[in-house]
Amino acid sequence: VPGYPCAMVSLPDALTGAAAGRQQLPREVMEEHQRDRVIAAAIEVFAKRGYPATTVDHLVEASQTGVGSFYALFDGKEGCMLRAFDRVVSEASERISAAIPPDRPWVERVCAALRALLDFVAAEPLAARVAVVEVQTAGPRALAHYEETLERADALLREGRSLGAHGAELPR
């Protein structure tokens, strides 16, 4: 403006950290958000490319994150696969648990659980592929993790042995 001196005025440090009306999120919240984004992208990449053909570069590109950030969140491709597997199993388990009617006969509970599982597979085929197929190709640690998960799922099915005439004769 003519006739007025032009001087730059800086804001106090307390006012320069974040935009007006916004606070910075804690680092843990930001990391969790980034981890969620990487896992969501990883599920799709692992399902479409297959675990063996997937590289960290593929995961980084799909999640639009840096290599350093990826390794800050996961201990590598296998660690990312384990977290992706855990997420899929958790989501499927929640749906299955919600679908099982309490205090109903075993047959009804098993049918409801299987129906919920099949509904999940139909709704989330890429996630299902990661949890059923790709995890088994991700090495010994992932395979052991997969087998532990199956052991937990076996509890409901084992309960039915007592209902059949030959339940005790059936192989484990």
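# Notebook: an all-helix chain

**Entry 1. Fold.** I read along the sequence and got the pattern α-α-α-α-α-α-α. The model is predicted. I noted seven helices and zero strands. The chain has 172 residues, and 30% of them are buried. I then looked up contacts with a sequence separation of 6 or more. Residues 24 or more positions apart account for 61% of these. The accessible surface comes to about 11,600 Å². Carbon and sulfur atoms hold 58% of that surface.

**Entry 2. Core.** I looked up the largest nonpolar core next. It has 30 residues. Which of them have the most contacts inside the core? I wrote down I43, F46, L59, F70, F74 and C80. Then I checked the helices. At least two core residues come from each of α1 (27-49), α2 (56-63), α3 (67-73), α4 (77-99), α6 (125-132) and α7 (140-159). The largest share comes from α4, with eight residues.

I picked F70 for a closer look. I left aside its neighbours within four places in sequence. That leaves F70 in contact with V38, V56, L59, V60, G76, K77 and C80. L59 and C80 also stand among the core residues with the most contacts.

**Entry 3. T54.** I moved to the loop between α1 and α2, where T54 sits. Is T54 buried or exposed? It counts as buried because its relative accessible area is 1%, and the cut-off for buried is under 20%. I looked for a partner for its side chain. A polar atom of the T54 side chain lies 2.7 Å from the backbone oxygen of G50.

I also listed the contacts of T54, again without neighbours within four places in sequence. They are V45, F46, R49, L59 and K77. F46 and L59 are on the list of core residues with the most contacts. K77 is in contact with F70 as well. One distance went into the margin: T54 and A42 are 9.2 Å apart, C-alpha to C-alpha. In sequence, T54 and A42 are twelve residues apart.

**Entry 4. Pocket.** I looked up the largest pocket. Its volume is about 730 Å³. It is lined by 25 residues. Which of these are closest to its centre? I noted S93, I96, L117, T149 and A153. Two or more lining residues come from each of α4, α5 (106-123), α6 and α7. The largest share of the lining is eight residues, from α7. I made a cross-note here: α4, α6 and α7 each supply at least two residues of the largest nonpolar core too.

**Entry 5. Positive phi.** I checked backbone angles last. Most residues other than glycine have a negative phi. I wrote down two residues with a positive value.

- Q64 has a phi near 55° and is not a glycine. I found Q64 in the loop between α2 and α3. Q64 is exposed because its relative accessible area is 70%, and the cut-off for exposed is over 50%.
- D103 has a positive phi of about 55°, and D103 is not a glycine either. The place of D103 is the loop between α4 and α5. D103 counts as exposed because its relative accessibility is 78%.

**Entry 6. Loop residues, in brief.** T54 is buried. Q64 is exposed. D103 is exposed.

Conventions:
Residues are numbered from 1 along each chain as its sequence is written. This is a predicted model: local features need pLDDT of at least 70, side-chain atom pairs count only at pLDDT 80 or more; totals for chains, interfaces and linings use all residues. Side-chain values use heavy atoms; hydrogens and water are left out. A nonpolar core is a set of buried Ala, Val, Leu, Ile, Met, Phe, Trp, Tyr and Cys residues joined through side-chain atoms within 4.5 Å. Buried means under 20% relative accessible area, exposed over 50%, partly exposed in between (1.4 Å probe, protein chains only). Helices (H or I, at least four residues) and strands (E, at least two) are DSSP runs, numbered from the N terminus. Contact means heavy atoms within 4.5 Å. Accessible areas come from the Shrake-Rupley method with a 1.4 Å probe; for residues, only the protein chains shown count as cover. A polar contact is a pair of N or O atoms within 3.5 Å; within protein, one must be able to donate a hydrogen and the other to accept it, and residues adjacent in sequence count only if both atoms are side-chain atoms. On a 1 Å grid over the protein atoms alone, a cavity is a set of points where a 1.4 Å probe fits but cannot get out, and a pocket is an open set with protein on both sides within 12 Å along at least five of seven lines; lining residues have an atom within 4 Å of a point. Grid points are joined across faces, edges and corners, and a volume is the space filled by probe spheres set on the points.
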